[in-house]
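Trainee: I have this model open and would like to go through it with you. Could you start me off with one spot and then move outwards?
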Amino acid sequence: MAENDRATGPGTRGVAVSTVRAGSRTVVLDLLSRSAPVSRAEVARLTGLSRSTVSGIVQELLVEGVVQESRGVEPARGGGRPPTLISLRGEPGVLVGVDIGHRHVRVAVADLSAVPLAEEARPVDVDHSADEALDLAAELVQQCLVAAGIGAGSDRIVGVGMGVPGPVHPRTGIVVSPILPSWVGRSPAWELARRLGRPVHVDNDANIGALGEVRHGAARGHSDVIYVKASSGIGAGLVLAGKLYRGATGIAGEIGHVRFDDDGPVCRCGNRGCLETAVAGPKLVELLQPAYGPGLTVGKMLELGREGDVGVTRILDDAGRSLGRVIADLCNHLNPEIIVIGGDMRVAPSFLRGIRDSIDRYAQPDTARALTVVPGVLGDRAGVVGALVVAQDDTAVVGLPSPA
Ligand SMILES: [Zn+2]
């Protein structure tokens, strides 16, 4: 964006000043359409344009009646009276967040500060059918728009972010892993965009969970964070030096498929003895069922764990230790400040204790001392909150149509 200011410099001679100005004006309007009321100084900071360029453009937009001024309530940066804020006239835009898990679809419609106005969640077998999950997501978006008093099919949507339970290629948005058979080779962002009539930005569920907890949850204020989603699958979102790290093909952080036991069972990824086969909630239920009966579910197991049931506590502690062993190696590589445990397993105290014990045992002592392990505070909503962050930032991949 700063290119617009530099466009009259050496190397771009011949670019008409009016073209540069029009480009800068589009940049300012784009920012205003996606943000809460904002000061001229913030517009300059966020767009990279100079303050004088921003002042000139805002003056023009005020005269044309495109934007309006209001008085802020927070003191200006560095003290002083609150600055004058600029916003677009007319109805403000809204953000849409979509979180597609292995077993659920959750949707939120929020204001431009990502404060939810309406939210809906439904259970669905996402692994079974991508089309069913995407149809449901589109339907829930319309329901949320109506519930928020905005009206279905609204043109007030200015950003849509989505998380899916598998890795997506960071340039194409195509699902790249056989972990989700019905989704492989497809572009969930493009397919939801087709249903909503708006561009959609996509990332995997652990990455959006990490964004949610970093921006609005347990990892606020931290720049080196490992977010581990521990539920029916195990995955990690890595925030390094304040930025999400996706890797070359979007598979960074797939710790659920680290080799754990050479002779272990075959995993859904096609390998054998992956960590996930020993630690994921449904696998622990299978281990416990011979003793606790076929009616045991992940929810009941976690409840028994909270009540201090000896057998369940043992299994959760062992699972935590196994996961912690893998996280410890990751900590030695990355030296994070904080590990946030998300997913439904975060509520089991013995699971968290097992993770911490293994990190203390297997990570370098200085590395272990430098970090805290905490449960996520956003709970089941981490994904949808992260999807709203993606909608707000537009930083994730805009999906391309799937190959025919
Ligand atoms: Zn695997």
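Mentor: Let us begin at Asn335, which sits in the loop between helix 11 (310-334) and strand 12 (338-342). Keep in mind that this is a predicted model.

Trainee: What is the sign of phi at Asn335?
Mentor: Asn335 has a positive phi of about 50°, although it is not a glycine. As background, most residues other than glycine have a negative phi.

Trainee: And how exposed is Asn335?
Mentor: Asn335 has a relative accessible area of 46%, and it therefore counts as partly exposed.

Trainee: Where is Ala241, and what is its phi?
Mentor: Ala241 lies in the loop between strand 10 and strand 11 (243-245), and its phi, near 50°, is a positive value in a residue other than glycine. With a relative accessibility of 64%, Ala241 counts as exposed.

Trainee: Which sheet do strand 10 and strand 11 belong to, and what is its order?
Mentor: They are part of an open sheet of five strands, in the order 11-10-9-12-13, and the pairing in this sheet is mixed. Strand 11 and strand 13 (372-375) stand at the edges with a single partner strand each, so one side of each has no neighbour in the sheet. On average, neighbouring strands of this sheet are turned by 25° against each other, with direction ignored.

Trainee: In which sense do strand 9 and strand 12 pair?
Mentor: Strand 9 and strand 12 pair in the parallel sense over five bridges, and within that pairing Val228 stands opposite Ile341 in strand 12.

Trainee: Which helices pack on that sheet?
Mentor: Helix 7 (residues 205-216) packs on the sheet and touches strand 9, strand 10, strand 11 and strand 12, with its direction at about 50° to that of strand 10. Helix 11 lies across strand 9, strand 10 and strand 12, running at about 160° to strand 9.

Trainee: Now Ser231: buried or exposed?
Mentor: Ser231 counts as buried because its relative accessibility is 12%, which falls under the 20% cut-off. Ser231 is found in the loop between strand 9 (225-230) and strand 10 (234-240).

Trainee: What does Ser231 touch, leaving aside its neighbours within four places in sequence?
Mentor: On that basis, Ser231 is in contact with Ala280, Gly281, Pro282, Gly343, Asp344 and Met345. Gly281 and Pro282 turn up again on helix 9, in its contact with helix 10.

Trainee: How do helix 9 and helix 10 pack?
Mentor: Helix 9 (residues 281-292) and helix 10 (residues 298-306) pack at an angle of about 75°, and their axes are 9 Å apart. The two helices are therefore roughly perpendicular to each other. Helix 9 contributes Gly281, Pro282, Leu284, Val285, Leu288 and Tyr292 to the contact, while helix 10 contributes Val298, Met301 and Leu304. By class, this contact has eight nonpolar residues, one polar residue and no charged residues.

Trainee: Switching to strand 5, how many of its residues are buried?
Mentor: Strand 5 (residues 104-110) is mostly covered, with six of its seven residues buried. Strand 5 runs antiparallel to strand 4 (residues 94-100), to which it is joined by six bridges, and one bridge pair sets Gly97 against Ala108 in strand 5. The hairpin that joins strand 4 to strand 5 passes through three residues.

Trainee: What about strand 6 (residues 116-123)?
Mentor: Seven bridges join strand 5 to strand 6, and these two strands also run antiparallel. Val107 stands opposite Glu120 in strand 6. Strand 5 and strand 6 form a hairpin with five residues between them, and Ala114 in the turn has a positive phi of about 70°.

Trainee: Last topic: what does UniProt list for residues 28-69?
Mentor: The UniProt record, an unreviewed entry, lists these residues as "domain: HTH iclR-type". In the model, the span is 69% helix and 12% strand, and its end C-alpha atoms lie 15 Å apart.

Trainee: And how is the sheet with strand 1, strand 2 and strand 3 ordered?
Mentor: Those three strands form an open sheet in the order 1-3-2, with antiparallel pairing. Strand 1 (38-39) and strand 2 (67-71) stand at the edges with a single partner strand each, so one side of each is left without a neighbour in the sheet. Helix 4 (residues 51-64) packs on this sheet and touches strand 2 and strand 3, and its direction makes about 105° with that of strand 2. Strand 2 and strand 3 (residues 84-88) pair over five bridges in the antiparallel sense, and Val67 stands opposite Leu88 in strand 3.

Note on methods. Residues are numbered from 1 along each chain as its sequence is written. This is a predicted model: local features need pLDDT of at least 70, side-chain atom pairs count only at pLDDT 80 or more; totals for chains, interfaces and linings use all residues. Side-chain values use heavy atoms; hydrogens and water are left out. Two strands pair if DSSP finds at least two bridges between them. Helices (H or I, at least four residues) and strands (E, at least two) are DSSP runs, numbered from the N terminus. Contact means heavy atoms within 4.5 Å. Axes are lines fitted to C-alpha atoms, for helices over the stretch in contact, and angles run from 0 to 180 degrees between N-to-C directions. Buried means under 20% relative accessible area, exposed over 50%, partly exposed in between (1.4 Å probe, protein chains only). UniProt positions are given in the numbering used here, feature names are shortened, and annotations may be inferred rather than shown by experiment. Angles under 35 degrees count as roughly parallel, over 145 as roughly antiparallel, 65 to 115 as roughly perpendicular and the rest as oblique. Ala, Val, Leu, Ile, Met, Phe, Trp, Tyr, Cys and Pro count as nonpolar, Asp, Glu, Lys and Arg as charged, and the others, Gly among them, as polar.
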